[in-house]
Amino acid sequence: MPVDIKNFLTHFFVTGYPLIYGADASIILATVAILFVLTYFKKWKWLWTEWLTTVDHKKIGIMYLIAALLMMFRGGVDAILMRTQLMLPNMHFLGPQHYNEIFTTHGTLMILFVAMPFIFALFNIVVPLQIGARDVAFPYLNAISFWLFFFAALLLNLSFVIGGSPDAGWSSYPPLAGAEFDKGPGENYYLLSLQITGIGSMATGINFLVTILKMRAPGLTLMRLPLFTWSVVGACILIIVSFPALTAALALLLIDRVAGAHFFTMLAGGMPMMYVNLFWIWGHPEVYIVVLPAFGVFSEVVATFSKKRIFGYTSMVASIMVITVISYFVWVHHFFTMGAGPGVNSFFALATMAIAIPTGVKVFNWLFTMYRGRIRITAPMLWTLGFIPNFAIGGATGVLLAVAPADYQYHNSYFLIAHFHQVLIGGTIYGMLAGMYYWWPKMFGHRLSEGLAKHAFWWFNLGFYICFMPQYALGLMGMTRRIYTYPKGLGWGPYNFIATVGAYMMAIGFVLIVANVVYSAFYGERDTTGDIWDARTLEWSLPSPAPHYNFAVIPHVDRRDAWWVMKQERKEGKTTLDLQQEPIRPIHMPNNSGRPFILGVCFFTVGFGFAFSWYALVVLGFLAVAVLLLVRSFEYEDSHYIPVEEIKETEAAYGRL
Ligand code: HEM
Ligand SMILES: [Cu+2]
């Protein structure tokens with residue numbers, strides 16, 4: 001082989017790590033297996049027409065969910081690798097460079113490709129059904145958002161085997177992430193994949209805010225809106241105001257890297273602190289973007305399984321909105337030690353602590369809702385109950401970190417690692433899992449096994465404390481974040497060992513969750529009523545899974561907890577709120593389209609081209625995007641009507657006519 005081709009290949013493909021060869025092999029095997037199964041069972045057409053081209057929010061939600069779980073596995077493997085490396089002093093399981101790459105991809109994946117798709121899964125699955133709508137405001141755009149996210153995730157993961165992963169941390173600060181210290185393509189992959197998924201997230205934020213503001217069923221005023229939907233309002237506002245800061249930061253850093261500009265390098269008057277500000281102006285609200293929907297889930301779950309309406313509805317709404325506003329004024333707490341001075345630091349310390357007030361309001365309202373309720377301990381309720389102590393500890397340690405002078409001591413130590421995992425896992429992940437168990441019957445028509453769910457919960461929850469509690473101590477003992485190993489004799493060994501045992505326990509919990517998904521697909525209890533939990537909000541008035549047009553007749557709402565009220569009134573023989581109060585009319589629905597998927601492929605091409613500075617690919621990708629947009633603008637028939645006959649047949653098959 002000529003030397004330059006050989007050079008090219010060894011640079012293009014990541015070589016030298018046995019773990020990476022393992023990854024190569026498993027990628028090839030999995031791809032072959034998927035292709036084989038699709039071909040053998042003749043499922044290609046089904047895959048394309050039912051899923052890849054769908055604009056149905058329920059299906060898009062399910063695809064987000066599957067992607068989030070897959071990425072959680074990926075990020076989880078990273079976590080396990082890191083914890084294994086840190087288990088004992090002086091370990092040589094991972095080298096320093098590899099460790100850097102792994103904490104970077106782990107953090108990036110978990111925030112942008114696990115937490116985000118997970119909340120978007122629930123937005124899609126729940127919001128239109130909960131507000132009595134037939135779809136989201138912009139269904140075609142919704143599909144585009146999904147495919148941008150999907151191909152961005154693919155791009156980031158590809159870096160692992162082609163070209164090399166980013167290694168400057170999920171926050172990717174220059175100058176470390178600049179071209180001078182990080183030749184990469186890894187860092188380019190990071191910038192491009194975040195940029196692409198960011199466009200999709202921005203569109204999702206706009207889409208759902210408009211959906212909620214404009215498409216509510218008649219009578220469903222804002223102050224009658226279910227709390228999950230309220231939390232989506234908060235998250236969407238935050239997405240819309242914060243993502244542009246990320247877009248700008250990533251674009252400027254990319255220009256610095258590929259075009260040799262100096263926005264963030266001291267040369268020619270650039271300023272690295274500008275990046276840090278821009279990043280956290282997005283980065284801090286981002287943690288509320290992913291935790292507010294979890295709060296929404298807990299509100300639904302607590303009310304349903306306590307058989308009571310939520311305590312303090314108005315204060316719940318107010319606290320969501322207060323959190324939405326304040327969380328935008330705290331970003332500097334991520335760099336108290338970077339020399340802003342006492343005035344600035346005090347302002348941001350106080351603003352940060354102020355968030356504890358509305359959050360506390362919410363926690364007490366959940367507790368008061370449970371007080372004297374008829375509580376049923378189901379899987380969603382378990383995750384909700386598990387969340388409360390977690391969040392109390394995570395919130396308290398957050399307030400400790402917000403004390404600016406104290407933060408000078410434990411800034412970037414393991415204390416921080418323990419704190420943010422406590423809120424991100426104990427808040428977001430617990431919330432998303434609670435939501436998954438709760439709405440699973442609505443998605444698939446059967447429920448997940450309660451027995452397996454309980455085992456999974458206890459492995460995960462106990463593992464969580466065993467993993468992260470020792471890390472608070474480690475932080476106070478001086479162990480800093482992002483170190484790949486440590487010497488003997490510091491007293492850190494036993495704590496790290498225990499933490500690693502906890503991480504393995506969490507991994508067992510995750511495997512049990514996935515096992516439950518598979519098991520229940522065959523043996524799960526079927527839901528024939530559509531209202532398996534005896535719940536309170538409108539989505540439970542539909543059959544499970546809901547027909548693709550959702551509501552044959554749009555319901556009228558005149559109170560909070562609309563479905564609960566309807567059920568009560570039906571019991572009393574008053575049927576004023578009956579769903580079948582109007583005649584069925586033809587339903588207007590959007591057409592499927594393959595273009596969002598192809599658009600994802602084009603953006604992937606652009607990203608890949610940029611990563612390697614192959615500008616022909618970039619131009620080609622952008623041209624294709626332009627053509628696709630043009631084609632769309634000439635598409636005059638993008639929707640159709642479902643005839644009354646077909647609706648009647650479907651409803652009759654559900655036994656509803
Ligand atoms: C199974 C549970 C998890 C374990 C055992 C785990 C473990 C770790 C470890 C060992 C690190 C590196 C610490 C260091 O060397 O500095 C880390 C970093 C990080 N983790 Fe996790 N993690 C888990 C889940 C999550 C989740 C669910 C999220 C977010 C939703 C998350 C977000 C992050 C972030 C943002 C970083 C920082 C990366 C960086 O420093 O650039 N982790 N995690
Ligand atoms: Cu923050």
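**Entry 1: Asp531 and its partner**

I looked up Asp531 in this predicted model and found a salt bridge to Lys567, with the closest N and O atoms 2.6 Å apart. I then placed both residues along the chain: Asp531 is in the loop between helix H17 (493-523) and helix H18 (562-571), whereas Lys567 belongs to helix H18. The two are 36 residues apart, and I noted the pair as a link between distant parts of the chain. I checked accessibility next and recorded Asp531 and Lys567 as buried. For Lys567 the relative accessible area is 13%, which puts this residue under the 20% limit for buried.

**Entry 2: a further bridge to Lys567**

I found that Asp534 also forms a salt bridge with Lys567, again with 2.6 Å between the closest N and O atoms. Asp534 sits in the loop between H17 and H18 and Lys567 in helix H18, so this pair ties together parts that are 33 residues apart in sequence. Is Asp534 buried or partly exposed? I read a relative accessibility of 26% for Asp534, and therefore entered this residue as partly exposed.

**Entry 3: Arg536 and the network**

I followed the loop to Arg536, which forms a salt bridge with Asp561; their closest N and O atoms are 2.9 Å apart. Arg536 and Asp561 are each in the loop between H17 and H18, with their positions 25 residues apart in sequence, and the pair links distant parts of the chain. Arg536 counts as buried because its relative accessibility is 7%. I then traced shared partners and found that salt bridges join Lys307, Asp531, Asp534 and Lys567 into one network. My search of the whole structure gave 16 salt bridges.

**Entry 4: the iron atom of ligand 1**

I listed the protein contacts of the iron atom of ligand 1 and found coordination by NE2 of His106 and NE2 of His421, at 2.0 Å. The site has six donor atoms, with angles of 88 to 179° among them, and I recorded the geometry as octahedral. For reference, ideal angles for six octahedral donors are 90 or 180 degrees. Which helices supply the two histidines? His106 comes from helix H5 (residues 96-130) and His421 from helix H15 (residues 414-444), so the pair ties together parts that are 315 residues apart in sequence. I noted that His106 and His421 are both buried.

**Entry 5: the copper ion (ligand 2)**

I found three named protein donors for the copper ion (ligand 2): His284 through ND1, His333 through NE2 and His334 through NE2, lying 1.6 to 2.0 Å from the ion. Their spacing in sequence is H-x48-H-H. His284 is in helix H9 (residues 272-306) and His334 in the loop between helix H10 (313-326) and helix H11 (342-354), so this pair ties together parts that are 50 residues apart in sequence. I compared accessibility for the two: His284 is buried at 6%, whereas His334 is partly exposed at 22%.

**Entry 6: cysteines**

I searched the whole structure for disulfides and found zero. I also looked up two cysteines: Cys236 is buried, with a relative accessible area of 0%, and Cys467 is buried at 2%.

**Entry 7: a nonpolar surface patch**

I closed with the surface, where Ile5, Phe8, Leu9, Phe13 and Trp614 form a nonpolar patch with about 430 Å² of accessible area together. Within this patch, I placed Phe8 in helix H1 (residues 3-12). Phe8 counts as partly exposed because its relative accessibility is 42%.

Technical notes. Residues numbered from 1 in each chain as written. Chains lettered and ligands numbered in written order. Predicted model: local features only at pLDDT ≥ 70, side-chain atom pairs only at ≥ 80, totals over all residues. Heavy atoms only, no water. Patch = residues over 30% accessible without salt bridge, like charges linked within 9 Å, V, L, I, M, F, W, Y side chains within 5 Å. Areas by Shrake-Rupley, 256 points an atom, 1.4 Å probe, with all protein chains shown as cover. Salt bridge = Lys/Arg side-chain N within 4 Å of Asp/Glu carboxyl O. Helix = DSSP H or I, 4+ residues; strand = E, 2+ residues; numbered from the N terminus. Buried < 20%, exposed > 50% of the residue type's maximum accessible area, 1.4 Å probe, protein only. Donors = N, O, S within 2.8 Å, 3.2 Å for Na, K, Ca; no water. Tetrahedral: all angles 85-135°; square planar, octahedral: opposite > 155°, others 65-115°. Disulfide = S-S within 2.5 Å.
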